[in-house]
Amino acid sequence: MSTQSQSVPARITTRTVVDMKGSGEKISMLTAYDYTMARILDQAGIDIILVGDSASNVMAGHETTLPITLEQMIYHTECVVRGAERSLVVADLPFMSYQVTDTGALKSAGRMMKEAGAHAVKLEGGSVVVPAIRKIVDAGIPVMGHLGLTPQSIYKFGTYKVRATDTQEAEQLLKDAHSLQEAGCFAIVLEKIPASLAERVTQELSIPTIGIGAGHECDGQVLVTHDMLGLNKDFSPRFIRRYADLYAVMTEAIRSYQSDVKKGSFPDENEQYE
Ligand code: KIV
């Protein structure tokens with residue numbers, strides 16, 4: 001007998017995501033940092049909700065993802081988990097929460113699972129982070145990798161330009177992708193790399209690739225929700241497709257409210273109590 005209630009669809013798991021690659025079904029992933037957005041994404045049928053460390057930019061207004069802390073990421077993740085009934089919730093491990101020691105990495109991942117209720121963690125980097133990934137996976141925590149333009153290394157790169165356009169970096173990325181798969185990652189984000197390289201990685205790996213600025217041959221796609229909804233009107237790289245202009249919609253609504261309050265037309269008799 002199933003314990004699943006009729007109205008709640010089955011939870012997406014890391015297994016489901018790997019199986020989707022096998023069956024050729026594309027994987028959808030979007031970011032959320034709070035309960036309300038998580039509920040909207042979950043109920044719209046998004047497969048994976050990523051609590052990205054892009055919260056550092058989008059929520060806190062920092063220039064980079066470096067300042068956000070593990071405590072802040074745990075807070076954002078627990079809010080998202082409360083809003084997600086069906087989607088798989090993957091939480092970013094922030095800068096310096098996994099790079100110092102492998103034991104430190106496991107502790108950070110453990111806190112994300114135990115305190116925030118995440119279903120998996122994501123961390124950035126290639127072969128250098130393989131020992132940390134092994135330790136986390138050995139403890140039973142699923143890990144999503146992240147290669148290409150890894151924003152936590154922005155000061156090393158010095159630019160947000162496309163990565164791995166030369167043969168040497170492309171070959172290294174391919175090797176790193178295999179190392180992450182062997183270390184036990186269940187999926188890998190490929191950010192801002194040539195579409196042809198992403199296609200090669202996707203063909204060679206048995207785990208899914210999820211692209212952002214990496215072309216349509218990846219097994220899935222991810223965008224920052226605030227970007228695709230048009231809330232960040234000053235940020236428009238070519239890989240973002242804007243599905244709405246919420247900046248304009250919200251500004252219009254807020255101006256209408258402002259005007260109604262100033263005129264004294266809000267609230268009216270139906271919007272007050274006897
Ligand atoms: O932090 C984030 O939002 C991300 C995605 C852009 C992949 O890592």
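Me: Domain bounds come from an automatic or database domain assignment. With that settled, what separation do the centres of domain 1 and domain 2 have?

Reply: The model is predicted: local features need pLDDT of at least 70, side-chain atom pairs count only at pLDDT 80 or more, and totals for chains, interfaces and linings use all residues. Residues are numbered from 1 along each chain as its sequence is written, while side-chain values use heavy atoms, with hydrogens and water left out. The protein is divided into domain 1 (14-243) and domain 2 (245-274). Taken over C-alpha atoms, their centres are separated by 39 Å.

Me: Which three residues supply 78% of the area that domain 1 buries against domain 2?

Reply: Domain 1 and domain 2 bury about 410 Å² between them, 70% of it on carbon and sulfur atoms; this is the accessible area (1.4 Å probe) that two parts lose on being put together, summed over both. On the domain 1 side, the three residues that supply more than any other three are Leu229, Leu231 and Lys233.

Me: Happy to move inside! Which helix gives the largest share of the largest nonpolar core?

Reply: A nonpolar core is a set of buried Ala, Val, Leu, Ile, Met, Phe, Trp, Tyr and Cys residues joined through side-chain atoms within 4.5 Å, where buried means under 20% relative accessible area (1.4 Å probe, protein chains only). The largest one has 58 residues, and Met112, Ile136 and Leu190 have the most contacts inside it. Helices are DSSP runs of H or I, at least four residues, and strands are runs of E, at least two, numbered from the N terminus. Six residues of this core, its largest share, come from residues 167-183, helix H8.

Me: Are the residues of strand S6 buried or exposed?

Reply: In a regular strand the side chains alternate between the two faces of the sheet. From S6 (residues 187-191), Ala187, Val189 and Glu191 point one way and Ile188 and Leu190 the other. Five of its five residues are buried.

Me: What is the handedness of the crossover from S6 to S7?

Reply: Strands pair if DSSP finds at least two bridges between them; S6 and S7 (residues 209-212) are parallel, with four bridges, one partner of Ile188 being Thr209. The chain passes from S6 through helix H9 (residues 195-204) to S7. With the strands pointing away from the viewer, a clockwise path from the first strand over the helix to the second is the criterion. This β-α-β crossover is right-handed.

Notes: Buried < 20%, exposed > 50% of the residue type's maximum accessible area, 1.4 Å probe, protein only.
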